[in-house]
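The exercises below are meant to be worked with the coordinates open, and each is followed by a solution that proceeds step by step.

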Amino acid sequence: MWCYSGFTFEEITGKKESRAFTETSKELLENIDILVDGRYEEELHSITLKFRGSSNQRVIDVKKTLETGEIILYLE
């Protein structure tokens, strides 16, 4: 399952203060495979990007990231 969020992984997990960090967000992360995080930025848009609209967004393998404790990007 894929999830697109305007929040970063760090905001969702509480590593950076944000309203996105809740018990529900923690539960959501445990049930998805891939997270595309970060806000879409029009000035960073590129049609060459896979699965994301702007270059500031990351495509994160959530299962591997939660296992290792480090951000693991999908297909990189």
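**Exercise 1.** In this predicted model, determine which residues line the largest pocket, and how the residues of that lining divide into nonpolar, polar and charged.

*Solution.* Begin with the lining itself, which is made up of Leu49, Lys50, Phe51, Arg52, Gln57, Arg58, Val59, Leu73, Tyr74, Leu75 and Glu76. Next, sort these residues by class, which gives six nonpolar, one polar and four charged. Finally, attach a volume to the site: the space in the largest pocket comes to about 160 Å³.

**Exercise 2.** Decide whether Thr65 is buried or exposed, and find which backbone atom lies 2.9 Å from a polar atom of its side chain.

*Solution.* First locate Thr65, which belongs to helix H3, spanning residues 62-68. Its relative accessibility is 3%, and because buried means under 20%, Thr65 is buried. Then list its contacts beyond the neighbours within four places in sequence, which are Phe9, Ile60, Glu70, Ile71 and Ile72. For Ile72, the backbone nitrogen is the atom that lies 2.9 Å from a polar side-chain atom of Thr65.

**Exercise 3.** Establish whether Met1 is buried or exposed, and which residues beyond its neighbours within four places in sequence are in contact with Met1.

*Solution.* Start from the position of Met1, in the segment that precedes strand S1 (2-4). The relative accessible area of Met1 is 57%, and since exposed means over 50%, Met1 is exposed. Even so, with neighbours within four places set aside, Met1 is in contact with Asn31, Ile32, Asp33 and Ile34. As a last step, take the C-alpha atoms of Met1 and Leu29, which are 28 residues apart along the chain and separated by 10 Å.

Terms used: Residues numbered from 1 in each chain as written. Predicted model: local features only at pLDDT ≥ 70, side-chain atom pairs only at ≥ 80, totals over all residues. Heavy atoms only, no water. Helix = DSSP H or I, 4+ residues; strand = E, 2+ residues; numbered from the N terminus. Buried < 20%, exposed > 50% of the residue type's maximum accessible area, 1.4 Å probe, protein only. Contact = heavy atoms within 4.5 Å. 1 Å grid on protein atoms, 1.4 Å probe; cavity = no way out; pocket = protein on both sides within 12 Å on 5 of 7 lines; lining within 4 Å. Points joined across faces, edges and corners; volume = space filled by probe spheres on them. Nonpolar A, V, L, I, M, F, W, Y, C, P; charged D, E, K, R; others polar. Polar contact = N/O pair within 3.5 Å; in protein donor to acceptor, adjacent residues only side chain to side chain.
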